[in-house]
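These notebook entries record what I looked up in one structure. I kept each entry to a single topic.

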Amino acid sequence: MSSQARGLQNFISDLRNAKSKEEEQKRVDKELANIRKKFTATGKQLAEDGSNNSLNSYSRKKYVWKLVYIHVLGYDVDFGHAEVLALVRSTKYSEKHVGYTALSLLLRGDDPMMNSILNTIRKDLTTLGPTSAKNNAPTTDTAQSLALCSIANITGLELIQTLHSEVQHTLMAKSSTPCVKKKAALCLLRLVRTSPKLVSGKEFVAQMAQLLQDKHLGVLTSSMSLLYGLATQNPSEYQSLIPYAVHILGLLVLKKACAREYLYYRTPSPWLQIKLLKFLQLYPQILSTGQENDGQDQSIAQLVSVVSKILTETDVSDSINKSNADHAVLFEAVNLIVTWGSSGPAQLREGAMKLLGKFISVREPNIRYLGLLTMAKLAQLEGTADSIKKHQATVLVSLKDADISVRRRALDLLFVMCDTDNAERIVDELVAHLVLADAAIREEMVLKIAILAEKYATDLRWYVDTILKLISISGDHVSDAIWHRVVQIVTNHPQGDLQAYTAATLLVAASPRRCHETAVRVAAYVLGEFGFLVAERPGMSGEEQFRILHQHWATSDATTRAILVSTYAKLANLYEECRPLVAPVFARCKNSVDVEIQQRSAEYAAMREAFSPEAVEDLLREMPPFEDKKQSALEQRLREKEGEDSAAVAKAIRPSAAQRQRQQQSQAAARAAEEVAAQQAAEQNARNDPISPISDGSPGAGPLDRPTVGIPKDVIPAMRKAFSNLCTSPSGVLFENSLLQVGVKHEYVGAQGRISVFFGNLSKAPLLHFRAVVDDQDHLKIQKQGTQGLLDDSDDGGCTVAVRTQAKLLLLVEVTAPFDDAPAMRVIFETEEGELHEYPLRLPIVATCFMEPVTLEPGAFMQRWRSLEGQDRECQEVVKAPPNVPAIDEEYMKRIANIITDGLKFGRCQGCDPTPWTVSGAATFRTGSKDANGNNINVGCLVRVEANPQAGAFRVTTRTLHPLCSKAVKNVALVSIKLA
Amino acid sequence: MIKGIIIVNNHGKPRLVKFYHPVESEQLQQSVIRRVFTQVSSRPDSFCNYLEGIVPEWGENVKLIYRHYATLYFVFAVDAQESDLGILDLIQVFVEALDKCFENVCELDLIFHSDRVHYVLDEIVMGGMVLETNISAILQSIKDQGKMATESLSKTDDSQSASKIREQLGDSKWMYSW
């Protein structure tokens with residue numbers, strides 16, 4: 001090319017002749033030094049912009065091109081920008097051209113000359129230059145084109161973004177030539193991609209419509225690119241343009257109206273067709289909503305006929321390029337049908353299915369690849385499963401293709417088409433293929449097999465077997481997430497003999513001297529948990545279990561050893577004969593370099609001396625069932641690998657029939673267990689629950705030889721409710737039966753409280769020897785005053801409460817330390833018949849009574865919240881909403897908020913609750929104790945209630961400086977929510 | 001969008017590199033090129049033209065779409081928004097345009113006339129987006145550019161009127177009737 005400089009040619013030749021990388025480097029360095037010298041003119045003044053104005057046009061271009069060439073070779077070029085800019089500013093076309101090309105290649109965002117570059121670009125874009133090319137000056141449109149091109153190529157720079165209004169103006173200007181318009185459209189798209197807010201759809205949609213009526217196909221293609229880009233960001237704003245798109249598509253497909261130059265191997269501009277179809281894919285609803293709008297009706301009818309024409313008329317042709325172009329359009333049409341789903345015409349869906357069936361069996365690899373890809377998308381539609389399953393055998397063939405891209409697609413499609421009917425076949429095929437599969441695809445296969453096996457296992461034993469096979473075939477690719485999942489599932493399904501089966505199978509799997517480490521890990525964990533289920537079987541005794549596991553000790557890494565240590569502790573706990581075997585292991589491990597192993601073995605070894613046998617039992621008990629998370633770690637991994645919108649991810653998220661069934665089973669079992677537990681707990685609770693209305697009433701001084709009447713069972717539910725109410729309200733009834741009513745009024749200021757208790761006689765006879773005994777508490781200083789004799793705790797003491805009168809008790813309390821229970825009060829009296837009654841009650845003096853609301857800024861709240869993270873400072877519990885509540889709505893959440901603010905006396909921290917589904921609050925727990933400086937000791941408390949309306953549950957989290965405070969606040973919040 | 005275009009020969013020497021999705025340092029760019037080359041060159045021509053190899057510098061979900069012509073691989077890295085076959089067509093357009101431009105293009109043309117290759121590419125792809133697919137329009141632009149460049153080099157020749165150039169740039173030519 002004549003414009004290319006001789007020196008550049010020579011330079012390139014030199015580089016090509018370089019025999020080694022070092023030689024090339026040397027030549028480049030020499031050239032860079034030379035150019036640097038030329039640019040910093042010796043002895044002469046540099047021009048204002050820093051360029052050397054003594055350089056002539058020819059050499060400036062030459063040196064800049066050399067810089068570009070060096071840059072492309074991969075060397076760092078950090079100078080010469082001034083010269084590039086001088087070229088850009090030039091009025092000569094040839095210089096401008098070189099300048100802009102270099103600019104887009106060499107420029108970095110932090111370039112100090114950015115501002116001046118920007119002005120030059122703006123000038124080129126907006127100034128109407130000479131319309132005639134006198135003095136070799138470039139005409140407006142060429143300068144504009146160059147400017148636009150470089151804006152688009154220099155990307156992601158904030159300063160460049162400011163040019164968008166000029167670009168938009170250029171795009172719409174009547175004076176712009178098609179060539180400029182094309183570039184302006186794409187340039188604008190480029191800008192919008194980096195900052196979506198630059199163009200507002202409402203205003204731009206009219207201009208877009210105008211662009212879509214352009215007669216120039218090049219302009220149309222670019223405009224469609226722009227429209228597609230904009231509409232992806234905000235589809236609803238551009239919906240009105242659908243008829244335009246359908247119209248253009250109709251012209252291209254039905255009438256084949258296309259300028260000859262835009263025919264690509266006889267196909268009318270496939271790129272434009274693709275863009276149009278892609279744009280239409282953004283509106284999956286048009287077929288179902290179109291009917292309302294008469295204007296759109298027609299275009300929708302046209303669209304359907306266009307799509308069916310594409311579907312029927314595409315043929316495999318001899319020319320690969322022609323065939324490529326046609327199929328490109330066809331695949332987009334199929335994608336469009338997929339997005340329509342069941343709202344689209346059925347015969348189109350069937351047609352698409354048939355075509356895809358053909359494609360996945362052709363030899364041409366590209367078409368097969370795309371056929372598999374598209375079929376996986378189609379498989380997501382309802383009602384396609386059966387027709388897809390017909391192709392199962394064909395897909396399995398592609399799974400064995402030599403080409404990894406094709407294999408990946410086949411694997412993906414198999415994954416998507418798998419369901420309960422064919423799961424066993426597909427999974428077995430996949431496992432069989434895994435043996436032959438190469439490393440690149442193994443991880444993906446293992447992950448997908450694990451998900452499928454879990455999803456569609458009608459018998460979970462099959463699932464366990466499958467995972468074991470995975471470990472033995474490709475153990476390195478079985479991630480922790482996969483074997484953790486096995487443990488989770490086995491633990492959570494105590495029904496049937498799954499746990500025993502797994503324990504036995506894993507014991508066998510771990511028996512050989514050589515087995516994969518992951519297998520050792522699962523076996524260790526599962527045997528620790530469920531080994532006892534099979535200990536009676538021959539060859540599976542505790543000792544055997546230990547022996548089999550321990551043979552792997554020497555080859556195991558630290559993680560596995562840590563698991564093994566825990567398992568040994570469990571074995572030693574269960575089987576006497578294992579203890580002498582385990583003890584030396586622990587003894588040796590106490591010196592282990594690994595902290596985890598050292599700590600575990602030291603603790604396990606010391607446990608027996610340090611705790612009571614029951615506590616040890618408790619510690620080594622089986623793990624409780626795992627919380628069933630909505631999304632398993634495996635799905636998470638799949639999502640990371642394939643992105644949100646892949647068909648496989650959509651598939652993995654939907655629970656299968658087998659999963660649902662299992663879930664129901666375990667839920668039913670859980671419910672049954674819950675009921676039994678609830679019954680037991682109700683009895684337990686009556687004694688142990690710190691905030692229960694009934695204290696663990698030891699008869700105290702009561703005469704043991706006389707029958708004592710306690711609290712009647714039937715009033716307990718009412719009492720429970722009354723007590724909880726009283727915890728958060730200033731007055732109310734604590735206890736009531738046919739004889740007695742106990743009312744409480746209480747008020748608090750800071751660390752001090754004043755509690756009045758009224759005992760009213762409801763019977764028809766006086767109550768004799770009436771006594772109220774309030775035990776002294778460590779954490780409360782209590783001063784008591786009462787009706788004469790009421791506080792006298794001797795058998796003959798007490799007062800007489802006449803019919804329809806009250807005895808009174810006044811308590812003045814001051815709290816001195818955090819606490820989490822409520823003080824007990826025994827009420828003892830005799831009836832006229834000589835029946836002795838003793839009611840162990842509790843007074844509703846709970847920690848939250850001494851709270852003082854604190855209003856915190858959201859920032860301050862979050863800071864403290866985070867700083868209080870930690871095991872003994874945090875308490876968390878999930879509570880179900882009461883069964884009589886219809887739904888948790890915003891109204892209901894207001895009630896919850898009121899409980900926190902009025903009942904618990906916390907200050908609401910509104911700023912921390914972006915949605916109505918959380919309530920956050922802060923308060924100070926005041927005590928009367930003084931610290932070393934004589935200030936009162938206070939405890940800061942934070943609480944957070946999060947609602948899950950779908951599950952009808954609340955999670956209460958409290959964080960305070962004192963573990964007892966956390967517990968107390970949580971307990972009160974829980975009972976209050978239960979009553980809300 | 002098109003994240004990047006790499007033309008690399010059978011021995012892994014890059015002949016044209018264009019990053020539309022910025023890759024920061026030269027070092028990283030070189031590692032991208034190497035990675036792309038090793039993945040693409042290990043596949044026989046009978047395989048399909050798609051490769052879901054991961055190029056971490058461009059983020060996940062980038063698909064390599066390539067064609068192999070004699071000594072050169074033309075590799076386009078694209079995201080999910082592009083049509084898979086459409087890009088294959090585009091590579092063909094690019095190659096045909098180069099072929100017409102250089103009259104039987106070969107690797108040496110790409111080496112010695114890298115400027116022109118860039119010009120041609122800029123007429124087809126701009127900022128990662130397809131600009132023009134009409135080969136004659138692309139060639140015309142290149143021709144006009146060449147002409148204007150020569151004119152601006154020769155100081156004497158200013159008789160050429162702009163209207164003439166405009167005509168050659170030609171908007172009226174590719175009008176089509178509906």
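The entries below go from the chains to a helix, the sheets and the cavities.

**Entry 1: The model and chain A**

I noted at the outset that this is a predicted model. I began with the make-up of chain A, which has 40 helices and 18 strands. I then looked up burial: of the 980 residues in chain A, 54% are buried. I also looked up the contacts of chain A with a separation of 6 or more, and 68% of them are between residues 24 or more positions apart.

**Entry 2: Helix 17 of chain A**

Does the length of helix 17 of chain A agree or disagree with what its 21 residues should span? I took 1.5 Å a residue, which gives an expected span of 30 Å for residues 320-340. The C-alpha atoms at the two ends are 30 Å apart, so the two values agree. I next asked how many residues of this helix are buried. The count is 19 of 21, and I recorded helix 17 as mostly covered. Just after the helix comes A:Gly341, and its phi is positive, near 60°.

**Entry 3: A sheet in chain A**

I found an open sheet of five strands in chain A, with the order 3-12-11-7-9 and mixed pairing. At its edges are strand 3 (708-709) and strand 9 (799-801), each of which pairs on one side only. I looked further at strand 11 (residues 824-830) and strand 12 (residues 836-842) of chain A, which are antiparallel and joined by seven bridges. In this pair, A:Glu830 is opposite A:Leu836 of strand 12.

**Entry 4: A sheet in chain B**

Chain B also gave me an open sheet of five strands, here in the order 2-1-5-4-3 with antiparallel pairing. Strand 2 and strand 3 (50-51) of chain B are at the edges with a single partner strand each, so one side of each has no neighbour in the sheet.

Is strand 2 of chain B, residues 14-19, largely enclosed or largely open? I found that five of its six residues are buried, so the rest of the structure largely encloses this strand. Its partner is strand 1 (residues 2-9) of chain B, which runs antiparallel to strand 2 and is joined to it by five bridges. B:Ile7 faces B:Leu16 of strand 2 across this pair. Strand 1 and strand 2 form a hairpin with four residues between the strands, and B:Gly12 there has a positive phi near 90°.

At the other edge, strand 3 of chain B pairs with strand 4 (residues 63-69) through two bridges, again in the antiparallel sense. I noted B:Leu51 opposite B:Leu64 of strand 4.

**Entry 5: The cavities**

How many cavities of 30 Å³ or more does the whole structure hold? My search found nine. The largest cavity has a volume of about 270 Å³. I counted 24 residues in its lining, and those nearest its centre are A:His97, A:Leu146, A:Lys183, B:Glu123 and B:Gln145.

I then asked which helices supply at least two residues of this lining. From chain A they are helix 5 (93-106), helix 7 (140-153) and helix 10 (178-194), and from chain B they are helix 4 (114-124) and helix 5 (135-153). Helix 7 of chain A gives the most, with seven residues. Sorted by class, the lining has nine nonpolar, ten polar and five charged residues.

Conventions: Residues are numbered from 1 along each chain as its sequence is written. Chains are lettered from A and ligands numbered from 1 in the order in which they are written. This is a predicted model: local features need pLDDT of at least 70, side-chain atom pairs count only at pLDDT 80 or more; totals for chains, interfaces and linings use all residues. Side-chain values use heavy atoms; hydrogens and water are left out. The expected span of a helix is 1.5 Å times one less than its number of residues. Buried means under 20% relative accessible area, exposed over 50%, partly exposed in between (1.4 Å probe, protein chains only). On a 1 Å grid over the protein atoms alone, a cavity is a set of points where a 1.4 Å probe fits but cannot get out, and a pocket is an open set with protein on both sides within 12 Å along at least five of seven lines; lining residues have an atom within 4 Å of a point. Grid points are joined across faces, edges and corners, and a volume is the space filled by probe spheres set on the points. Ala, Val, Leu, Ile, Met, Phe, Trp, Tyr, Cys and Pro count as nonpolar, Asp, Glu, Lys and Arg as charged, and the others, Gly among them, as polar. Two strands pair if DSSP finds at least two bridges between them. Contact means heavy atoms within 4.5 Å.
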